[in-house]
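Me: Pick one part of this model and take me through it closely. Start with a loop residue and what it touches, then work outwards until I can see how that spot sits in the whole chain.

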Amino acid sequence: MRKLKSVLLYTALGLLANVGNAQTTDLAALLEGDMRKLTLHSEPVDASDVVFMSEDGVEMTLADYEGKTILVNFWATWCAPCRKEMPHLSQLQTTLGGDAFEVVTIATGRNPAPAMKASFAEIGVENLPLHTDARQALARSLGVLGLPVTLIIGPDGREIGRLQGDADWHSDSAIALLTALTQPE
C-alpha cells in the first residue's frame, strides 16, 4: 500500500511540475499524513531579518539563505517532540539537501552548545546545523509560540508555509511537497 501511495504522489508531482510554477500549483493534493498539519499561505509572507547565531558564533539572518528553499526548524534540547522529529529532518537533508534546498535547525531559548551537541549525538544526527536563537528574538519575530515549529521559506526569502508540532519530514508526502516547491520557476 505504501508503495502505491508513493507512486501516486510522485505521479502527481510529475503532473504538477508540468503545469508550471509550484507557487501557483495547488499543493493541497500533496498534504497527506503529518503534512496535513502544514499550513500553506495563500500568498508568501515576509520573513524576519532578526539576527541569530550560527554554530560558529557568527551572526546570521535568514536572508543568508536567499536563493534556496529552506526548511527552518525551531527546536530545543528539552523538547521531546523536537527530538522525535530531528532524525526525520536529518534524513530529509540527506535526501534533498543541496544547492536548491537546505534544512536549517535553530535552537531557541536556553540551549547550551554542549547540550545541543549531546542531544544530536544521542539521536544520531550529524548533518544539521546547531544554530541558536538564545533570546528567542527571531522566534518571537516570526510568531513562534511553541516547539517544534517548522517554516518553509522560499528562495525569495518569504515564508510559504508552517507546521506546528512534530512531523515525519522524510515521508513520501513531505518529500513530494518539498520537491514541488524547489522546482525552478
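Reply: Two residues are in contact when they have heavy atoms within 4.5 Å of each other. With that cut-off in hand, let's start at Asn111, in the loop between β5 and α3. Keep in mind that this is a predicted model.

Leaving out residues up to four places away in sequence, Asn111 touches Trp75, Ala76, Thr77, Trp78, Met116 and Thr132. Is this loop residue buried or exposed? Asn111 has a relative accessibility of 8%, and the limit for buried is under 20%, so it counts as buried.

Follow one of those contacts, Trp75, and you get to the aromatic part of the story. The structure holds one aromatic pair. Its partners are Trp75 and Phe120, with ring centres 5.1 Å apart and planes at 25° to each other, which makes the pair stacked. The pair ties together distant parts of the chain: Trp75 sits in strand β4 (residues 69–75) and Phe120 in helix α3 (residues 113–123), 45 residues apart. Both Trp75 and Phe120 are buried.

A little further along the sequence there's a disulfide, and the structure holds one of those. Cys79 and Cys82 make the bond, with their sulfur atoms 2.3 Å apart. Which hand does the Cys79–Cys82 disulfide have? The torsion about the S-S bond is about 80°, so the disulfide is right-handed. Cys79 is buried, at 3% relative accessible area, and Cys82 is buried too, at 0%.

Now for the core. Trp75 turns up again here: among the 33 residues of the largest nonpolar core, the ones touching the most other members are Met35, Leu71, Trp75, Leu92, Trp169, Leu177 and Leu178. At least two residues of this core come from each of β4, α2 (80–96), β5 (101–108), α3, β8 and α5 (172–181). The biggest share, seven residues, is supplied by α5.

That helix deserves a moment. All 10 of the 10 residues of α5 are buried, so α5 is largely enclosed by the rest of the structure. The buried residues include the nonpolar Leu177, Leu178 and Leu181, but Asp172, Ser173 and Thr179 are on the list as well.

Leu71 gives a good view of how the core is knitted together. Setting aside neighbours within four places in sequence, Leu71 is in contact with Leu89, Leu92, Phe101, Glu102, Val103, Val104, Thr150, Leu151, Ile152, Trp169 and Leu178. Apart from this core lies another, of 16 residues, with Phe74, Ile106, Val149 and Ile153 among them.

Arg162 shares some partners with that neighbourhood. Arg162 is in strand β8 (residues 158–164), and a polar atom of its side chain comes 2.6 Å from the backbone oxygen of Leu142. Beyond residues up to four places away, Arg162 touches Lys37, Leu38, Thr39, His41, Leu142, Gly143, Val144, Val149, Thr150 and Leu151.

For contrast, look at two loop residues that are partly exposed. Gly97 lies in the loop between α2 and β5 and is partly exposed, with a relative accessible area of 30%. Its C-alpha is 9.9 Å from that of Asn127, 30 residues away along the chain. Ala63 sits in the loop between β3 (59–60) and β4 and counts as partly exposed at 48%. From Ala63 to Val51, 12 residues apart in sequence, the C-alpha to C-alpha distance is 9.9 Å.

Finally, zoom out. The chain has five helices and eight strands, in the order α-β-β-β-β-α-β-α-β-α-β-β-α along the sequence. Of its 185 residues, 46% count as buried. About 9,300 Å² is exposed, and carbon and sulfur atoms supply 53% of that. Among contacts between residues at least 6 apart in sequence, 73% join residues at least 24 apart. The Trp75–Phe120 pair, with its 45-residue separation, is a long-range link of its own.

Key. Residues numbered from 1 in each chain as written. Predicted model: local features only at pLDDT ≥ 70, side-chain atom pairs only at ≥ 80, totals over all residues. Heavy atoms only, no water. Disulfide = S-S within 2.5 Å. Buried < 20%, exposed > 50% of the residue type's maximum accessible area, 1.4 Å probe, protein only. Helix = DSSP H or I, 4+ residues; strand = E, 2+ residues; numbered from the N terminus. Polar contact = N/O pair within 3.5 Å; in protein donor to acceptor, adjacent residues only side chain to side chain. Phe/Tyr/Trp six-rings, centres within 6.5 Å; stacked < 30°, edge-to-face > 60°. Core = buried A, V, L, I, M, F, W, Y, C linked by side-chain atoms within 4.5 Å. Areas by Shrake-Rupley, 256 points an atom, 1.4 Å probe, with all protein chains shown as cover.
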